[in-house]
Amino acid sequence: MEKFIHDRSVGRPAVQGEEGTLPALVVIALVHAQFETIHPFLDGNGRIGRLLISALFEDMGVLPEPLMYVSGFLKQHQMEYYRLLSGVRKDGDWESWIAFFLEGVCVAVTDAEKSIVQIATLVAADRRKLLESPKVNAPAYRLCELLPMMPRFTVERVRKVLETTFPTANAAVKTLQELGLIGETTGNKKNRIFSYSAYITLLSQ
């Protein structure tokens with residue numbers, strides 16, 4: 001399987017009139033089915049098999065970064081997924097499996113596009129809300145810009161990231177909390193954890 005993955009005649013866009021080439025998405029579908037058939041580990045084969053899809057998307061140049069996840073589609077249609085993999089093993093029905101996998105890619109692309117637009121809209125709206133507030137200062141704005149990269153954090157982490165004092169970091173957190181951009185999740189007076197919950201909700205969809 002490893003030799004197949006690294007074969008220079010597969011995993012790139014097919015060229016008209018050129019023999020022996022397979023599109024990258026077809027290669028990834030074949031590799032995933034083969035990995036799940038080999039089932040090389042005692043536990044975690046499903047998780048690793050789904051991670052392998054994302055890794056191959058990046059390795060074969062389909063995506064520069066793991067921006068979409070076919071695993072959501074495979075989980076949503078789990079019974080059909082198992083049935084088609086079984087069809088590959090028992091009857092050699094690769095065509096039905098590949099068609100199903102490519103459908104999953106199309107659905108994942110559409111979902112990823114929607115999520116990216118929703119996230120960009122959320123971040124822009126929150127940034128605008130912050131800039132319109134008379135309480136905004138440089139640390140609060142810098143923290144707002146960092147929220148997508150650390151949607152859960154403590155005041156101490158903010159202090160370290162912003163390279164500032166604890167009172168300044170605490171004031172920046174308080175500003176964003178008062179504007180409704182973030183919320184405290186523990187209910188504690190000490191060791192509080194804050195969350196950019198709207199952003200996390202979008203990522204979890």
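**Entry 1: the smaller pocket**

I began with the second largest pocket, which holds about 170 Å³ of space. The model I am reading is predicted. I looked up the lining and found Glu 36, His 39, Gly 46, Arg 50, Leu 74, Lys 75, Gln 78, Tyr 81, Tyr 82, Leu 85 and Arg 89. Helices α3, α4 and α5 each give two or more residues to this lining. Which of them gives the largest share? I found that α5 does, with five residues. I then sorted the lining by class: four residues are nonpolar, three are polar and four are charged.

**Entry 2: the largest pocket**

Next I turned to the largest pocket, with a volume of about 590 Å³. I noted 20 lining residues. Tyr 69, Ala 112, Ser 115, Leu 203 and Gln 205 lie nearest the centre of this pocket. The elements that give two or more residues here are α4, α6 and α10, the last spanning 197-204. I see that α6 gives the most, with nine residues. By class, I have twelve nonpolar residues, six polar and two charged in this lining.

**Entry 3: the cores**

Then I looked up the largest nonpolar core, which has 29 residues. Which members touch the most others? I wrote down Phe 57, Val 70, Trp 97 and Phe 101. Five elements give two or more residues to this core: α2 (24-38), α3 (45-59), α4 (71-76), α5 (78-91) and α6 (94-131). The most come from α2, which gives eight residues.

I picked Phe 57 for a closer look. Leaving out residues up to four places away in sequence, Phe 57 touches Leu 25, Ile 28, Val 62, Leu 63, Met 68, Val 70 and Val 105. I also found a second, separate core of 23 residues. Among its members are Met 150, Val 173, Phe 194 and Tyr 199.

**Entry 4: the sheet**

Last, I traced the strands. Three of them form an open sheet in the order β1-β3-β2, with antiparallel pairing. Why do β1 and β2 each have one side without a neighbour in the sheet? Strands β1 (152-153) and β2 (183-184) stand at the edges with a single partner strand each, so one side of each is left free of a neighbour there.

I checked how β2 is joined to β3, which covers residues 194-195. Two bridges link these antiparallel strands. Glu 184 stands opposite Phe 194 in β3. I had met Phe 194 already, as one of the residues in the second core.

Terms used
Residues numbered from 1 in each chain as written. Predicted model: local features only at pLDDT ≥ 70, side-chain atom pairs only at ≥ 80, totals over all residues. Heavy atoms only, no water. Core = buried A, V, L, I, M, F, W, Y, C linked by side-chain atoms within 4.5 Å. Buried < 20%, exposed > 50% of the residue type's maximum accessible area, 1.4 Å probe, protein only. Helix = DSSP H or I, 4+ residues; strand = E, 2+ residues; numbered from the N terminus. Contact = heavy atoms within 4.5 Å. Pairing = 2+ DSSP bridges. 1 Å grid on protein atoms, 1.4 Å probe; cavity = no way out; pocket = protein on both sides within 12 Å on 5 of 7 lines; lining within 4 Å. Points joined across faces, edges and corners; volume = space filled by probe spheres on them. Nonpolar A, V, L, I, M, F, W, Y, C, P; charged D, E, K, R; others polar.
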